[in-house]
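Here is a short briefing to read alongside the model. Keep the viewer open and follow the residues topic by topic.

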Amino acid sequence: MSLTTIPHPPIVSRDEWLAERKKLLAAEKELTKHYDRVNAERRRLPMVEIDKSYVFEGPEGKASLCDLFDGRRQLIVYHFMFDPNDPPPGKSGSPWDEGCPRCSFEADQIPHLSHLHARDTSFTLISRAPQAKIKPFKARLGWTIPWYSSFGSDFNYDFHVTIDEAVAPVEYNYQDQSPEGEQPGLSAFLRIDDRLFHTYSAYARGLEALLTTYHMLDLTAYGRMERWEDSPFGWPQIPGKDGKDWVMHHDKYGDLTRGSQSCCS
C-alpha cells in the first residue's frame, strides 16, 4: 500500500493547511454556539409530574422510581434494549439471549458516575429483562452501572421504548410509527421533595450525545466510515446496512481491534 493506492486528504503545505483549518474553526465555533442555544432551550422545557408508582427489580430487591434517585435531585435513565422473553422461532442472540450490542456500545461510554453524582445527578440502566438475564450479562461486560428491570410495570410502555400496540399507542421518537418490541432511549427526571417529574426524553440519533467513540472518530480523516456519511469518493466504508453493522459487544471484536498494518514495529 502507498499514497497512490490509499484514499487520503490532499497533501498541502502547513500554511495552506492552517488557512483551511481556520475556516473549519469558524464553523466549529458556530456549531458550539448553536449547541449552547439548544441546551438553553432544553433547560426551559416544561415538565410533567409522574402519577404512577412504578416498581423495579434491582440486584438487592424491589425499588421505586424515587429509590433510583438515590437521594439526589436528578436522575438519568438509559432505556437498554433487553427483551424478557425467549427468542422467537428461528432467532437467537440479542436482544433476547444477551443485551443489544448498540445499547452496550452506549453503556461502554458512560463516564465514572462520581462526576454525575457531584452535580446531584444519578444514572441507571433500565430494561424489561429480569435480573436473571441482566446479572450475568452485566458481569460478562464488566459494568458496575446500576441496572434495574422494569418487567411487570408500565414504565417501558409509558416512555415509548417497548412498542406493543396491544398495550399502548404506537409512538417512538415522537412519531406514531416504530418497529415492534424493545427500542433504545434516554429519559431525565427531577425530584422536588417526594414529587417526581419527567423533564426530557430522547431517542434514535438523539442518543449520540453519549457516544464518545463517535465523537472521537468524527475528528479523524476517515470519520465513522459509515455509509450514510458525506465523505469524499473512495473513502473506506463499512459494508452492511447503512454501514452501522460494525458495532459489537466489546468482547467480540477479536482481531478487529488490532491495527491492520504498521510501519512502526
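## A buried acid and its partners

E98 has a relative accessibility of 13%, so this residue counts as buried, the cut-off being under 20%. Salt bridges with shared partners bring E98 together with R140, D251 and K252 in one network. Please bear in mind that this is a predicted model.

**The E98 network**

- K252 and E98 form a salt bridge in which the closest N and O atoms are 2.7 Å apart.
- This pair links distant parts of the chain, 154 residues apart: K252 sits in the segment after α7, while E98 belongs to the loop between β4 (74-79) and α3 (101-107).
- What is the exposure class of K252? With 40% relative accessibility, K252 counts as partly exposed, whereas E98 is buried at 13%.

**Other salt bridges**

- How many salt bridges does the count give? The total comes to 14, and two further examples are worth a look.
- E49 pairs with R195 in a salt bridge, and their closest N and O atoms are 2.8 Å apart.
- Because E49 lies in strand β1 (residues 48-49) and R195 in strand β10 (residues 195-202), the pair ties together parts that are 146 residues apart in sequence.
- E49 has a relative accessible area of 34%, which makes it partly exposed; R195, at 47% relative accessibility, is also classed as partly exposed.
- E30 and R37 meet through their side chains in a salt bridge, with an N to O distance of 2.8 Å.
- E30 counts as partly exposed at 40% relative accessibility, and R37 counts as partly exposed at 41%.

**The chain as a whole**

- The chain has 265 residues, of which 36% count as buried.
- Its secondary structure consists of seven helices and 10 strands.
- Taken along the principal axes, the C-alpha atoms fill a box of roughly 65 × 45 × 40 Å.

**A cavity to inspect**

- How many cavities of 30 Å³ or more does the count give? There is one, and the volume of the largest cavity is about 30 Å³.
- Which residues line the largest cavity? The lining is made up of Y157, H160, T162, I163, D164, A168, P169 and E171.
- Sorted by class, this lining has four nonpolar, two polar and two charged residues.
- The two charged residues of the lining are D164 and E171, because Asp and Glu count as charged.

**A nonpolar patch on the surface**

- V12, W17 and L18 form a nonpolar surface patch, and together they have about 270 Å² of accessible area.
- One of these patch residues, L18, is found in helix α1, which covers residues 14-43.
- L18 has 38% relative accessibility and therefore counts as partly exposed. This value fits the patch rule, because patches are made of residues with over 30% relative accessible area.

**G254, in the segment after α7**

- Where is G254 found? It lies in the segment after α7 (212-217), and K252 of the E98 salt bridge is in the segment after α7 too.
- G254 is partly exposed, with a relative accessible area of 47%.
- Along the chain, G254 and P184 are 70 residues apart, and their C-alpha atoms are separated by 26 Å.

Conventions: Residues numbered from 1 in each chain as written. Predicted model: local features only at pLDDT ≥ 70, side-chain atom pairs only at ≥ 80, totals over all residues. Heavy atoms only, no water. 1 Å grid on protein atoms, 1.4 Å probe; cavity = no way out; pocket = protein on both sides within 12 Å on 5 of 7 lines; lining within 4 Å. Points joined across faces, edges and corners; volume = space filled by probe spheres on them. Patch = residues over 30% accessible without salt bridge, like charges linked within 9 Å, V, L, I, M, F, W, Y side chains within 5 Å. Areas by Shrake-Rupley, 256 points an atom, 1.4 Å probe, with all protein chains shown as cover. Salt bridge = Lys/Arg side-chain N within 4 Å of Asp/Glu carboxyl O. Helix = DSSP H or I, 4+ residues; strand = E, 2+ residues; numbered from the N terminus. Buried < 20%, exposed > 50% of the residue type's maximum accessible area, 1.4 Å probe, protein only.
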